[in-house]
Amino acid sequence: MHKRCARYLLAFVIFSAWTNALSAERIPIIFDTDFVMPPSDDSMALMLALRSPELEILGITTVAGNESVERATSDVLRMLEIAEQEDIPVYVGADMPLVHEKSDFAVQSYGNWYSNEPPPEPPGGFATKIAEQGSAVSFIVDTVMSRPGEVTLVAIGPMTNIAQAIRAEPKFASSVKQLVIMGGAVAALPDGAGNITPNAEFNFWVDPEAAYVALRSGIPIELSPLNVSRKSALDIGWYQKMVAVDTPLTRLLKDTLGRRFEADPERVWLMYDQIAVASIIDPTLVTSERLYVDVNIDHGISYGVSVGGRKQWPGAEGAQQMNVQNDLDWPRFIEMFIERVQR
Ligand code: RIB
Ligand code: CA
């Protein structure tokens with residue numbers, strides 16, 4: 001064989017082996033979200049996932065939380081167009097929590113999970129891409145059951161879709177590889193106050209019964225609660241570094257987050273869902289502790305409060321142990337985030 005030909009052949013073989021290895025190592029995930037366009041954390045978490053070759057997004061499922069499920073779906077479809085990744089399927093999920101009813105407190109507090117308002121036009125107009133026909137729950141169950149032990153669920157909104165999937169198929173929980181959750185606040189660890197009631201975190205409080213089902217399901221869980229979110233601090237300096245390179249994603253961040261920093265240059269934003277996603281890409285970014293975590297589902301003053309302990313305690317006999325993130329390497333995390341959205 002001619003020498004140059006042999007060299008090309010060798011290069012081709014090495015390249016194929018490398019790309020195969022890369023695709024074989026990608027972590028298959030289902031991204032379950034109460035999505036809203038930036039500056040919401042869900043959208044920044046999706047940006048990170050979309051630009052991270054370590055992850056393979058099998059599909060995105062929407063749920064009512066920050067806003068209605070219609071708004072979550074409309075915004076996520078548009079985001080996929082902006083990111084030029086319309087090939088990723090989107091499935092519409094639960095429009096209401098399992099049990100939690102709309103109340104005066106909910107209406108006066110943060111979040112529009114109970115809303116019936118039609119979604120507003122996202123930046124650049126409504127997407128031409130449309131959601132898939134089937135339900136989010138069927139997609140989650142079918143995907144996991146077709147690849148037992150392989151699929152990681154990333155749940156960064158109320159846990160309604162996840163709980164319904166667990167209930168729909170008895171072998172579902174034992175077939176999920178891992179469930180990564182942004183939710184809860186653990187008072188036994190530093191920075192463990194709630195953000196919607198004194199002790200409850202928003203995602204768990206919107207659907208406490210669903211969180212209860214998910215946390216007791218037996219699925220291996222990585223919990224990213226408010227304790228770790230509170231180790232983040234996105235200020236104007238980091239924001240300026242983020243938008244210093246022009247890409248479709250940084251342009252969107254500039255148009256949305258930028259306005260907030262113009263109005264209040266001293267403002268510091270916490271990151272929530274972004275940390276849950278980053279911890280799958282690089283687990284060394286977070287420090288975790290093994291705790292038993294359970295959720296209160298009594299409709300009283302502690303509705304939706306998560307409690308974590310090193311040992312089980314009376315009433316939490318069915319609680320399971322999980323990794324609970326409590327610290328973050330913030331500079332390394334935000335540098336990775338910036339590098340990814342600039343791709
Ligand atoms: O408490 C933080 C969680 O609720 C995040 O998932 C964020 O999106 C907010 O709505
Ligand atoms: Ca969220």
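Select the calcium ion (ligand 2) in this predicted model and display the residues that supply its donors, which follow the sequence spacing D-x7-D-x113-I-x116-D. Which protein atoms act as donors to this ion? Asp-34 (OD), Asp-42 (OD), a second Asp-42 (OD), Ile-156 (O) and Asp-273 (OD) do, at 2.2 to 2.6 Å from the calcium ion. Two of these donor residues, Asp-34 and Asp-42, are buried.

**From the ion to helix α13**

Keep Asp-273 selected and extend the selection along α13, residues 273–281. Is this helix enclosed or open to its surroundings? Of the 9 residues of α13, 9 are buried, so the helix is largely enclosed by the rest of the structure. The buried residues include Asp-273, Gln-274, Ile-275 and Ala-276. Further along α13, Val-277, Ala-278, Ser-279, Ile-280 and Ile-281 are buried as well.

**The largest pocket**

Next, select Ser-40, Asp-41, Asn-66, Tyr-110 and Tyr-272, the lining residues that lie nearest the centre of the largest pocket. The lining comprises 31 residues in total, and the space in this pocket is about 630 Å³. Helices to colour here are α2 (41–50), α8 (202–206), α12 (248–263) and α13 (273–281), the elements that each give two or more residues to the lining. Among the contributors, α2 provides the largest share, 3 residues. Colouring the lining by residue class gives 17 nonpolar, 5 polar and 9 charged residues.

**Across the sheet**

Now hide the side chains and show the strands. In what order do the strands of the open sheet lie? The sheet has 9 strands in the order β3-β2-β1-β4-β5-β6-β9-β7-β8, and its pairing is mixed. At its edges are β3 (90–91) and β8 (306–309), each of which pairs on one side only.

A convenient place to start is β5, residues 178–182, a mostly covered strand in which 4 of 5 residues are buried. On one side, β5 runs parallel to β4 (residues 152–155), to which it is joined by 4 bridges. Select Ala-155 to find Ile-181 of β5 standing opposite. The residue that follows in numbering, Ile-156, is the one whose O atom is a donor to the calcium ion.

Strand β5 is also joined to β6 by 4 bridges, again in the parallel sense. Ile-181 has Leu-223 as its bridge partner in β6, and Leu-179 stands opposite Ile-221 of that strand.

Continue from β6 (residues 221–224) to β9 (residues 320–328), where 2 bridges join the two parallel strands. Glu-222 is the residue to select here, and its bridge partner in β9 is Asn-323. From β9, proceed to β7 (residues 286–295): these strands pair in the antiparallel sense over 8 bridges. Ser-288, opposite Gln-325 in β9, serves as a marker for this pairing.

**Salt bridges**

Finally, restore the side chains. How many salt bridges does a search of the whole structure find? The search finds 13, and three of the pairs are visited here.

Begin in helix α3 (residues 69–82), where Glu-81 and Arg-78 lie 3 residues apart, about one turn of the helix. In general, an α-helix has 3.6 residues a turn, so residues three or four places apart point the same way. The closest N and O atoms of the Glu-81 and Arg-78 salt bridge are 3.0 Å apart. Glu-81 has a relative accessible area of 14% and is buried; Arg-78, at 16%, also counts as buried.

Move to Glu-150 and Arg-147, whose salt bridge has its closest N and O atoms 2.8 Å apart. Here Glu-150 is partly exposed, with a relative accessible area of 37%, and Arg-147 is partly exposed at 24%.

The last stop is the pair Glu-339 and Arg-340, whose side chains meet in a salt bridge of 3.2 Å, N to O. Is each partner buried or partly exposed? Glu-339 counts as partly exposed at 38% relative accessibility, whereas Arg-340, at 7%, counts as buried. Add Glu-54 and Arg-343 to the selection to see the network that these residues form with Glu-339 and Arg-340 through salt bridges with shared partners.

Technical notes
Residues are numbered from 1 along each chain as its sequence is written. Chains are lettered from A and ligands numbered from 1 in the order in which they are written. This is a predicted model: local features need pLDDT of at least 70, side-chain atom pairs count only at pLDDT 80 or more; totals for chains, interfaces and linings use all residues. Side-chain values use heavy atoms; hydrogens and water are left out. On a 1 Å grid over the protein atoms alone, a cavity is a set of points where a 1.4 Å probe fits but cannot get out, and a pocket is an open set with protein on both sides within 12 Å along at least five of seven lines; lining residues have an atom within 4 Å of a point. Grid points are joined across faces, edges and corners, and a volume is the space filled by probe spheres set on the points. Ala, Val, Leu, Ile, Met, Phe, Trp, Tyr, Cys and Pro count as nonpolar, Asp, Glu, Lys and Arg as charged, and the others, Gly among them, as polar. Donors are N, O and S atoms within 2.8 Å of the metal (3.2 Å for Na, K and Ca); water is not among the atoms, so sites may look incomplete. Buried means under 20% relative accessible area, exposed over 50%, partly exposed in between (1.4 Å probe, protein chains only). A salt bridge is a side-chain nitrogen of Lys or Arg within 4 Å of a carboxyl oxygen of Asp or Glu. Two strands pair if DSSP finds at least two bridges between them.
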